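I opened this entry to keep a record of what I looked up and in what order. My plan was to begin with charged pairs, go on to the overall layout, and finish with packing and single residues.

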Amino acid sequence: AAPALASIAFDGCGAGAVASMGVARIDHVLSPTTAAMLRTFILAERDACAEVAAADKATWAELFSRVLSPTDVGTAPPTTRWDLRLPWEPIVRAAVHEMLS
């Protein structure tokens, strides 16, 4: 299982954290039930996609997006992060709808 993303100080809307870290954790945007279901789905999807990509390197870029992001190590140069491209499945749609409501 992936470790939880630690809360980080940000400018109140998360834009500053996204600009500097590439990601922001904003608490209480999803209900605990939705968050748990979405996390379970994402981890299973990540594992399945990594298995497919390991067997067929040509599919890697179809399943993961290459993102240049800063590191959390002092003055180290930015590194490439590979983000999972989520399918627009019912759990993903429900979570996005909940976040925007």
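Before I looked for charged pairs, I fixed the criterion: a salt bridge is a side-chain nitrogen of Lys or Arg within 4 Å of a carboxyl oxygen of Asp or Glu. I also noted at the outset that I am working with a predicted model.

**Salt bridge**

How many salt bridges does the structure hold? I found one. Arg46 forms a salt bridge with Asp47, and the closest N and O atoms of this pair are 2.9 Å apart. I then looked up the accessibility of both partners: Arg46 has a relative accessibility of 30% and counts as partly exposed, and Asp47, with a relative accessible area of 41%, is partly exposed.

**Layout of the chain**

I went through the secondary structure next and listed four helices and two strands. Read from the N terminus on, the elements run α-α-α-β-β-α. For burial, I noted that buried residues make up 16% of the 101 residues in the chain. For contact range, I took the contacts between residues at least 6 apart in sequence, and I noted that 38% of them join residues at least 24 apart.

**Helix H2 against helix H4**

Two packed helices are described by the angle between their axes and the distance between the axes, so I looked up both values. For helix H2 (residues 32–55) and helix H4 (residues 90–100), the axes come within 10 Å and cross at roughly 140°. Angles over 145 degrees would count as roughly antiparallel and those from 65 to 115 as roughly perpendicular, and H2 is therefore oblique to H4. I recorded the crossing of H2 past H4 as left-handed.

Which residues make the contact? On the H2 side I listed Thr34, Met37, Leu38 and Phe41, and on the H4 side Ile91, Val92, Ala95 and Glu98. Sorted by character, the residues of this contact divide into six nonpolar, one polar and one charged.

I then took up Ile91, which lies in helix H4. Is Ile91 buried or exposed? Its relative accessible area is 15%, and because buried means under 20%, I entered Ile91 as buried. Not counting residues up to four places away in sequence, Ile91 touches Met37, Leu38 and Phe41. The C-alpha atoms of Ile91 and Phe41 are separated by 7.8 Å, although the two residues are 50 apart along the chain.

Ala94 is also found in helix H4, but with a relative accessible area of 39% I entered Ala94 as partly exposed. Between the C-alpha atoms of Ala94 and Thr34, which are 60 residues apart along the chain, I noted a separation of 8.2 Å.

**Ala53 in H2**

Still in helix H2, I looked up Ala53, which has 0% relative accessibility and counts as buried. Leaving aside neighbours within four places in sequence, Ala53 is in contact with Thr59, Trp60, Leu63 and Phe64. For one of these partners, Leu63, I also noted the C-alpha separation from Ala53, which is 7.7 Å for two residues ten apart along the chain.

**His28 in the loop**

My last entry concerns His28, which lies in the loop between helix H1 (15–21) and H2. The phi angle of His28 is near 70°, a positive value in a residue other than glycine. With a relative accessible area of 79%, His28 is exposed.

Technical notes
Residues numbered from 1 in each chain as written. Predicted model: local features only at pLDDT ≥ 70, side-chain atom pairs only at ≥ 80, totals over all residues. Heavy atoms only, no water. Axes fitted to C-alpha atoms, helices over the stretch in contact; angles between N-to-C directions. Parallel < 35°, antiparallel > 145°, perpendicular 65-115°, else oblique. Left-handed = near helix turned anticlockwise from the far one by under 90°. Contact = heavy atoms within 4.5 Å. Nonpolar A, V, L, I, M, F, W, Y, C, P; charged D, E, K, R; others polar. Buried < 20%, exposed > 50% of the residue type's maximum accessible area, 1.4 Å probe, protein only.
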